[in-house]
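Got the viewer open? Here is a short walk through the model, one selection at a time.

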Amino acid sequence: MPQAAATSAREILTGLHEVMAARGNAQSKLDRVVDLIAEAMTSEVCSIYLLRDNKLELYATHGLRKEAVHVTRLAMGEGLVGAIAEEGRILNLAEAASHPQFVYRPETGEESFHSFAGVPIIRLENPIGVLAVQHADPRRYEEVEIEALQTVAMVLSEMIAAARLVDGARRGRMRSAGPLRLSGLKLVAGMAKGEAVFHQPRVIVEHTVAEDTEAERARVYAAFRRMREQIDTMTKEAEFGTVGEHQEILETYRMFAYDEGWSRRINEAIDSGLTAEAAIERVQQRTRSRMREIDDPLLQERMHDLEDLSNRLLRIVSGRMGTAAQTGLTRDTVLIARNLGPAELLEYDRRRLKAVLLEEGSLTAHMTIVARAMGVPVVGRLADIRHSVNDREVILVDGDNGSVIIRPNRQLTSGFDHRMALSQKRRAQFAAIRQLPASTRDGVPISVMVNAGLAEDAAALELTGGDGIGLFRTEFQFLVSATLPGRERQQRLYTKVLESAGDKPVTFRTLDIGGDKALPYLADAKDEAENPAMGWRALRLSLDRSTLMKAQARALIQASGGRVLRVMFPMISEPWEYEEARSLIEEQLEWARKSKRKLPTRVEYGAMLEVPALAEMLDQLLPRIDFLSIGTNDLTQFLFAADRADPRLAERYDWLSPAILRFLKRVIDAAREAKVPVRLCGEMGGLPLEAMALIGIGAESFSITPAAVGPIKAMVRSLDACAVRQRLDHLLKRPPRNLRKALTDWARRHSVAIT
Ligand code: PEP
Ligand code: MG
């Protein structure tokens, strides 16, 4: 802010500070404030309008007729004042009456004034009023005067909120908009109700006027330093996928974090007498209002990045750094975030976390898989959700349809409650089916196992109705722990899992870290690749870091003493990798034998088919393995060359594509010929229509997310395996344009339970 504006703003701020500190009621204070501003800005008129009952009411004026106070009321959008409040923008006019939105209110006596400048008074991003100055001469106000006016408006908002002159600080754009329904991408099904909590809490600026400008400057400098360090660390970690943010976003963060212009503007705002917090917020408000005038979606997106960063800076400066998980959830919560990593999600209290809403998110990202395992509905791709809802507002989440309702009214809530009751009833029906055998109508038995990753999942195995654990993701224990879990800790977990499973089989998958499942404490092993999903992860990393894998092998062997050990390896690209992994386990078995430990009764070795190249080598691989497990999450991302965690590709390719089904059919046929059992363990198998198609290409064994056991068994029990196989043979020979539709129509015609 140029010097003149800073001086004039500081002069007014000092006066305001005194008015705020003085005794007296809110009205008398506002009356003094308008006098003060009019005088400091040598304006004939200064008026304050505040939002009350959704109308902008003239609360105080210097220069207009006093009789108009509390009489003149304008609707949002009405007149110049209404336009400023509704659009949150500044007006600076030499001739007010010639503006198309000008309305004349005779009671104010404003006909004698030509020039007009007004700025919104904003609280928590919502306009709560308007501060306006007027002049008899037809001249535009200088930019520096407008700057000063905005700074004053900010301090006024604090005073207005403190005096409760508007009904709560949350009136305004969002509140006046009433209920809001948004549609996103359904990531995890289920319905829930709760209060909005931001994963990264927003800071409410409480004190705006600085006592000691130099001290505020020092605080901002320190905060900038810390923020830059954090962004640099996050950028490095993102290469290993530890955080929920994408590389591209972090690049933009870096650009803004080091932007000289941004820090200079904050510094200037401090010069005008604001506290560090208020200065950050003030600059953000200005950027926001400028951006609003530019209708460019690309810029709007960048604006979100700057908002994030500004919020981060605010949190650092005010010492409120933790995520909402650290503060703890106190009520039923709908968590709001741009994106989340799986480890971040696991930090939340499962009992209070009812749903998650993301601006990004994709179906097979590990955060989604973890949420599914936790039974927490998730809706993704809700653009702008963080700016459409206020902290603690009620949200109804329909994860079954991928929609949410913010600030519901009574009718909406009761409609939702009704649907939720129906959905619970359906779930109860599925719960009854869960324990029934999964055989098709023509008697083909289908094995339905569950995917698990935590001790709790294994403990709940009986309830899920699964035939066993077809995929135990051992890396989850590593993800939720702050330090590397040693052999003993691993062994304790595996023992617990095997004990809870009783007679049901458990297949352990060796560590699959890297990609979007990274470990902060393995930071020295960072993946330098541009695309970590195709980088040094899973078995690739385990074979190179053999100490890690040896420890895991010993833990698995010892936990399985006296039982069958079923173990499989993730992300095999070539058969030799499988051979090396298998030898490593065998060496550890030898060690256990020599050291006279109780051995597993038998070891069954499995390979995961996730990399398409391996499918070409099945003739070599199949004779060497006891079972094959197809991981469709990774496999399909590689088949389509489409990053499973990229929200922009989340809806682009369909699992029910002829390419995928033909590919899978070849693999299943080859395994059957070699008499090697094959199981599907990706998310695809947990969706009824997809599972139906998989049975149609010969799949008979699935490992799926526990919540899907009921719906999948219901589908299986209503299906004729022979008929669906014939149908798939036909459809894959001559694929229709829309295979999903063709399959849906067929399922409906044959009364297959696909919903
Ligand atoms: C898969 O890739 O399909 C799979 C089951 O493994 P994950 O989702 O853990 O990568
Ligand atoms: Mg995988």
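Start on a single rung: select V334 and A355, bridge partners, with A355 sitting in β11. Before going further, bear in mind that this is a predicted model.

**Out from that rung**

Extend the selection to residues 333-337, which is strand β10, and to β11; the two pair in the parallel sense over 5 bridges. Another rung to pick out is T333, which stands opposite L353 in β11.

Now look to the other neighbour. Strand β12, residues 378-380, runs parallel to β11 and is joined to it by 2 bridges. Click V356 and you will find V378 of β12 opposite.

How many of the 6 residues of β11 are buried? Colour residues 353-358 by accessibility: the count is 5, so the strand is largely enclosed by the rest of the structure.

**The connection and the whole sheet**

Next, add residues 366-374. This is helix α13, and together with β11 and β12 it makes a right-handed β-α-β unit. Turn the view and you will see α13 lying across β8, β11 and β12, at about 60 degrees to β8.

Time to show the full sheet. It is an open one of 8 strands with mixed pairing, and the order to trace is β7-β14-β13-β9-β10-β11-β12-β8. Which strands stand at the edges? They are β7 (180-183) and β8 (185-188); each has a single partner strand, so one side of each is left without a neighbour in the sheet. On average, neighbouring strands here are turned by 30 degrees against each other, direction ignored.

Keep the sheet on screen and select residues 410-434. That is helix α15, which packs on the sheet and touches β9 (191-198), β13 (394-398) and β14 (403-406). The direction of α15 makes about 125 degrees with that of β9.

**Two helix pairs**

Hide the sheet and bring up residues 26-40 and 143-162, helices α2 and α4. Their axes come within 13 Å and cross at roughly 170 degrees. With that angle over 145 degrees, α2 and α4 are therefore roughly antiparallel to each other. Show side chains for the contact: K29, L30, V33 and I37 come from α2, while L149, V152, L156 and M159 come from α4.

For a contrasting view, jump to residues 546-559 (α21) and 575-594 (α22). Helices α21 and α22 pack at an angle of about 55 degrees, with their axes 9 Å apart. That makes α21 oblique to α22, and the crossing is right-handed. The α21 side of the contact includes M549, A553 and I557, and the α22 side includes L584, I585 and W591.

**One residue in α22**

Stay on α22 and centre on R582, which lies in that helix. Is R582 buried or exposed? It is buried: its relative accessible area is 16%, which is under the 20% cut-off. Leaving aside residues up to four places away in sequence, R582 touches F569, Y605 and R624.

**Zoom out**

Finally, show the whole protein chain as a cartoon. There are 30 helices and 22 strands to scroll through, and the C-alpha trace spans about 95 × 60 × 40 Å along its principal axes. Of the 755 residues, 58% are buried. Among contacts with a separation of 6 or more, 69% are between residues 24 or more positions apart.

Note on methods
Residues are numbered from 1 along each chain as its sequence is written. Chains are lettered from A and ligands numbered from 1 in the order in which they are written. This is a predicted model: local features need pLDDT of at least 70, side-chain atom pairs count only at pLDDT 80 or more; totals for chains, interfaces and linings use all residues. Side-chain values use heavy atoms; hydrogens and water are left out. Helices (H or I, at least four residues) and strands (E, at least two) are DSSP runs, numbered from the N terminus. Buried means under 20% relative accessible area, exposed over 50%, partly exposed in between (1.4 Å probe, protein chains only). Contact means heavy atoms within 4.5 Å. Two strands pair if DSSP finds at least two bridges between them. A crossover is right-handed if, with the strands pointing away from the viewer, the path from the first strand over the helix to the second runs clockwise. Axes are lines fitted to C-alpha atoms, for helices over the stretch in contact, and angles run from 0 to 180 degrees between N-to-C directions. Angles under 35 degrees count as roughly parallel, over 145 as roughly antiparallel, 65 to 115 as roughly perpendicular and the rest as oblique. A crossing is left-handed if the near helix is turned anticlockwise from the far one by less than a right angle, and right-handed if clockwise.
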